[in-house]
Amino acid sequence: MPTLPDGTPVPALGQGTWHMGELASQRRIEVDALRLGLDLGMSLIDTAEMYGEGGAEEVVGEAIAGRRDGVFLVSKVYPHNASRRGAVAACERSLKRLRVETIDLYLLHWRGSHPLAETVAAFEALKAAGKIRHWGVSNCDVDDLEELGAALPDCATDQVLYSLEHRGVEFDLLPFCARHRMPVMAYSPVGQGGRMLRNAALAEVAQRHGVTPAQVAIAWTLRHPHVISIPKASDPAHVRQNAAARDIALTAEDLATLDLGFAPPTRKRSLAML
């Protein structure tokens, strides 16, 4: 199980909520999917004020009602709200939509015009007030993390796009975060649009294990001790498949096959984002 820099244990496999809360007709399905995920032990739920313009946070709030103590809750602030006062106000709105008093981990969604130092000051104020327990960043590269300076040890995580088809962070960001005992949160671990899942190497490994390509893709992110994977699923069958990915033990042969299908980086690349 990964741990935050202060030693707090965090589930390696959680649930994402991007695109939830956008359609009222899907709300019950989405709530039920998150509750099923909690039942299956995926107790980390990641959301953001951006998702559905607050709609996803409302879905999460309904899903965790009555079981808050068993959930590690992550949300994110828009860059344009990440000023000293703006982040505090945004967090208060998120808390109201989530129906909770405290967010376990609050992230800057991506860098905007507000200085990092100003955002960190807001996060520390929220932490001191008991509104959040930890803070971190998302879509930040090594140079961004280095800019945190003395505040770097207090940065709990960096949430980035990381999957078989987006491996650039392995060159320097993953090693940097590992040195600082900072887990990386992998969003979109099964890719977007299905192209990655049609790769022949991924299909070969999935066939060996009798599982789906998506499950192998999730298991591949979970192979790293400092990575937290947050796939999103609204379909009950997919939720169960995601949870079962924890039980897949990829062999050296499997990893070699996947390296042939998805080459690891040999040089620094610009940080990929969705």
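In this predicted model, histidine 109 is in contact with Ala48, Met50, Tyr51, Lys76, Val77, Pro79, Ser138 and Asn139, leaving aside its neighbours within four places in sequence. The residue is found in the loop between β4 (103-108) and α4 (116-128). Its relative accessible area is 7%, which is under the 20% limit, so histidine 109 counts as buried. The UniProt record, an unreviewed entry, places the feature "binding site" at His109.

One of the contacts of histidine 109, Tyr51, carries an annotation of its own: the unreviewed UniProt entry gives the feature "active site" at this position. Tyrosine 51 also belongs to a loop, the one between β2 (44-46) and α2 (55-63). With a relative accessible area of 6%, tyrosine 51 is buried. Not counting residues up to four places away in sequence, tyrosine 51 touches Thr17, Trp18, Met20, Asp46, Ala56, Lys76, His109 and Gln159. Lys76 thus appears in the list for tyrosine 51 and in the list for histidine 109.

Trp18, a contact of tyrosine 51, leads on to the pockets. The largest pocket has a volume of about 370 Å³. It is lined by 24 residues, of which Trp18, Tyr187, Ser188, Gln192 and Lys232 are the closest to its centre. Sorted by class, this lining holds 11 nonpolar, 11 polar and 2 charged residues.

For the second largest pocket, the volume is about 210 Å³. Here the lining is made of 13 residues, and those closest to the centre are Val190, Ala214, Lys232, His238 and Asn242. Lys232 is therefore named among the central residues of the largest pocket and of the second largest pocket. The classes in the second lining are 6 nonpolar, 5 polar and 2 charged residues. Two helices, α8 (213-222) and α9 (236-244), each supply at least two residues of this lining. The largest share, 3 residues, comes from α9.

What, then, are the buried residues of α9? They are Val239, Asn242 and Ala243. Because these residues cover an arc of only 95° around the axis, they lie on the same side of α9. In general, an α-helix has 3.6 residues a turn, so residues three or four places apart point the same way. The buried residues of α9 pack against α1 (27-39) and α8. Asn242 links the two views of this helix, as a buried residue of α9 and as one of the residues closest to the centre of the second largest pocket.

Note on methods
Residues are numbered from 1 along each chain as its sequence is written. This is a predicted model: local features need pLDDT of at least 70, side-chain atom pairs count only at pLDDT 80 or more; totals for chains, interfaces and linings use all residues. Side-chain values use heavy atoms; hydrogens and water are left out. UniProt positions are given in the numbering used here, feature names are shortened, and annotations may be inferred rather than shown by experiment. Helices (H or I, at least four residues) and strands (E, at least two) are DSSP runs, numbered from the N terminus. Buried means under 20% relative accessible area, exposed over 50%, partly exposed in between (1.4 Å probe, protein chains only). Contact means heavy atoms within 4.5 Å. On a 1 Å grid over the protein atoms alone, a cavity is a set of points where a 1.4 Å probe fits but cannot get out, and a pocket is an open set with protein on both sides within 12 Å along at least five of seven lines; lining residues have an atom within 4 Å of a point. Grid points are joined across faces, edges and corners, and a volume is the space filled by probe spheres set on the points. Ala, Val, Leu, Ile, Met, Phe, Trp, Tyr, Cys and Pro count as nonpolar, Asp, Glu, Lys and Arg as charged, and the others, Gly among them, as polar. The arc is that of the directions from the helix axis to the C-beta atoms.
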